[in-house]
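Please look over the sequence and the model shown here before reading the notes that come after them.

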Amino acid sequence: MAAKIPKDRVGEIMKIVLTELKNAGSEAKLKDLFERSEPKLNLTEYEKAAHEKSGYIRWRTVVHFYSIDCVKAGYIQKSSGRWILTPDGEKALKLSAADFIKSATQQY
């Protein structure tokens, strides 16, 4: 059985990325968010490693995947390669990491 990034950790990662989006003026390119977030994430070797099949970095793949939930929950919008934090997303940042990701996935 392959190791997995736990859901609470996914919540932490997404919350930090969206906090960096807020700090960037609520609008930024994902590439910039990756650069701003990485030093704050305290990533494990597993999270920093590339997937065997795709070659994509695990924590970045998590961000791509769970951003869909965040869009469906109304926390972010994506437009022309930019992410935009919504007022609902800003409110959701006040939740704990576990509640944040739970609320995003439930609304999806």
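The notes below cover the sheet, the helices that pack on it, and one serine.

This is a predicted model, in which local features need pLDDT of at least 70 and side-chain atom pairs count only at pLDDT 80 or more, while totals for chains, interfaces and linings use all residues. Residues are numbered from 1 along each chain as its sequence is written, and side-chain values use heavy atoms, with hydrogens and water left out.

**The sheet**
- Three strands (DSSP runs of E, at least two residues, numbered from the N terminus) form an open sheet in the order β1-β3-β2, with antiparallel pairing, where pairing requires that DSSP finds at least two bridges between two strands.
- The edge strands, each pairing on one side only, are β1 (27–29) and β2 (76–79).
- From one strand to the next, the twist averages 25°, with axes being lines fitted to C-alpha atoms, for helices over the stretch in contact, and angles running from 0 to 180 degrees between N-to-C directions.
- Four bridges join β2 and strand β3 (residues 82–85) in the antiparallel sense, and Ser79 has Arg82 in β3 as its bridge partner.

**Helices on the sheet**
- Helix α1 (residues 7–23) packs on the sheet and touches β1, β2 and β3, contact meaning heavy atoms within 4.5 Å; the direction of α1 makes about 85° with that of β3.
- Helix α4 (residues 58–72) lies across β2 and β3 and runs at about 110° to β2, helices being DSSP runs of H or I of at least four residues.

**Ser37**
- Ser37 lies in helix α2 (residues 30–37) and is buried, with a relative accessible area of 0%, where buried means under 20% (1.4 Å probe, protein chains only).
- Not counting residues up to four places away in sequence, Ser37 touches Ile16, Val17, Glu20 and Trp59.

Note on methods: Buried means under 20% relative accessible area, exposed over 50%, partly exposed in between (1.4 Å probe, protein chains only).
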